[in-house]
Amino acid sequence: MTFTAPLTLPGLALDPLWYRRAVFYEVMVRSFVDSNGDGAGDLQGLISKLDYLQWLGIDALWIPPIFDSPLRDGGYDISDYHNILPDFGTIDDFRELVTKAHERNMRIVIDLPLNHTSDQHPWFQASRADPEGPYGDFYVWSDTDEKYPNVRIIFTDYEESNWTFDAERRQFYWHRFFSHQPDLNFENPAVHEAVFDVIRFWMDLGVDGFRLDAIPYLYESEEGSGESEPETHEFIRVLRRMMDTEYPGRVMIAEANQWPAEVVEYFGTEEDPECHMAFDFPVMPRIFYSLRSQSAAELNRVLSETTETPEGAGWGVFLRNHDELTLEMVSEEYRQAMYGWYAYDPRMRVNIGIRRRLAPLLDNSRAELELAHALLFSLPGSPFLYYGDEIGMGDNIWLPDRDASRTPMQWTPDRNAGFSTADPGKLFLPVVQSLVYNYSLVNVESQLAQSRSLLHWVRNVIHVRKAHPAFGLGGVRVLETDHESVLAFVREYAGSGTQFGDAPERVLCVFSFAHNPVSARIRLDGDNGQPLWDLFGGGAFPSVRDDGVLELTLATQSFYWLHLGDRRG
């Protein structure tokens, strides 16, 4: 398969707010392409598909951990921060990936778990063997398992305590996640220096940023909840100052599964900035709730909340990723409704969430897939796609834990879905062979051949979004509608006046979650009499009435992106 993409201007450092305009793509290296026939994806395989990702319109790749690891938690259990897992390739392979991505005007963001390591890491092995040695205080040790009583257990399906007894050291060690992932002791300045050395190592290799995995949990205290302690924010501020001084233009992305009013603290202030970006977790489950409840009220409420963010800070929005669809940010009633709609089989659940891919969650409904993506690409923040969702890949709930949605990418209808030349039994996970999502039906090659496929549709929406700076850089104004199933907001951008030539722009986005056609009135006070133009085809729509009301008819589970005001150009 060959792909041609439009030429782009060279020079990645030209745009200091690149991350706010970018479309991100999460690619799990182990699941993407196997270049050497050993049954697992690798860096050379990813390099071979950069043309496809450029054609799709991807600006930045988010790569989950590729460090040396026992792989007991998908690579988030790191045994060596300075080396790549041999299954994936070498440091030279990674350098080549960075170089070839940059040649295509694409950036590389890597996952960096700093809260914990694997219990196989040399730091932990030294810490347990020699309490008085240089690594003795690198982890959180205690003679009792009764400290930090206010800290909740996150992995409720797997762990009964945040403490585990170590038979060699004869003490308990602290872990917020799996017991084989001991937490680093950030009270120790030597840990700070070791972490900074790791960050500098990867920045020097050319990466454009990193996702701070589980960042709220760095510090714990007897009185606190072990989440977002003041010392955690102070550490991030110091880290940001180092990044801005030594590696300007690189970004830090916070993974903090909390309410926006709390997550916004990870942006810091104008004077003391912290992260450039943070994931918006509460919006995501409410998209799925709206699709089944046919009510836009919850999304309307969350989007209407005002959170003051420093200049340049941006949100990351997503539909699915490598983890479960978390339901921590919803009430118990809400959670049970979500389980009933989307996880009726207990095998579909894990921890406090749902371990399914996007297409199976939405029963493979093309209308819902389009509506969900249209929301994703128009919400305030940079969209993060999960590999395979652009073709509607399925999952395998018979696989353990989160592996259900981490199966090999489906490239062709050939053996192993074109993922690998290995014997099928040698694959690290089997390809999806279910009736609806079988790789012989759902794959990149077949969708490239169909002009109306989901793949072509997603690519088109990405390129329309990229042509309108209001989506990446603009604010949001939620509008009043007279129909409970209809959500409407305006993305507004005043224009930058920079060398990019961005002009002022307003885009009206309207979404219907109703399961039948509806008519709705939308209040656009201040835009009385303004004309409207469709962003996709350029067709004229009825203007806003003189009383500031717009009347629209929407098909079942459909949307509009409309330019508000006189046509540009």
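Contact here means heavy atoms within 4.5 Å. With that in hand, let's tour a few close-ups of this predicted model.

**View 1. Ser290 and its surroundings in helix α10.** Our opening stop is Ser290, which belongs to the helix spanning residues 283-293. With a relative accessibility of 0%, Ser290 counts as buried, because the cut-off for that label is under 20%. Its side chain reaches back to the backbone oxygen of Arg286, at 2.8 Å. Setting aside neighbours within four places in sequence, Ser290 is in contact with Ser295, Ala296, Leu299 and Phe513.

**View 2. Asp363 and Arg292 joined by a salt bridge.** Helix α10 appears again here, this time through Arg292. The side chains of Asp363 and Arg292 meet with an N to O distance of 3.6 Å. Asp363 sits in the loop between α13 (358-361) and α14 (366-378), so this pair links distant parts of the chain, 71 residues apart. How do the two partners compare in burial, buried or exposed? Asp363 is exposed, at 55% relative accessible area, while Arg292 counts as buried, at 16% relative accessibility.

**View 3. The salt bridge between Asp59 and Lys466.** In this close-up, an N to O distance of 2.6 Å separates the two side chains. Asp59 comes from the loop between α4 (50-56) and β2 (60-63), and Lys466 from helix α16 (residues 454-466), so the bridge ties together parts that are 407 residues apart in sequence. Asp59 is buried, with a relative accessible area of 17%. Lys466, at 35%, is partly exposed.

**View 4. Glu255 meets Arg211.** Here the side chains form a salt bridge with an N to O distance of 3.1 Å. Which elements does this pair link? Glu255 is found in the loop between β10 (251-254) and α9 (260-263), and Arg211 in strand β9 (residues 209-213). The two residues are 44 residues apart, and the pair links distant parts of the chain. Both Glu255 and Arg211 are buried.

**View 5. A network of salt bridges.** For the last close-up, we turn from pairs to a group. Which residues are linked in this network? They are Glu234, Arg237, Arg241, Asp272 and Glu274. As background to these views, the count for the model comes to 38 salt bridges, among them the Asp59 and Lys466 pair of View 3.

Key
Residues numbered from 1 in each chain as written. Predicted model: local features only at pLDDT ≥ 70, side-chain atom pairs only at ≥ 80, totals over all residues. Heavy atoms only, no water. Helix = DSSP H or I, 4+ residues; strand = E, 2+ residues; numbered from the N terminus. Buried < 20%, exposed > 50% of the residue type's maximum accessible area, 1.4 Å probe, protein only. Polar contact = N/O pair within 3.5 Å; in protein donor to acceptor, adjacent residues only side chain to side chain. Salt bridge = Lys/Arg side-chain N within 4 Å of Asp/Glu carboxyl O.
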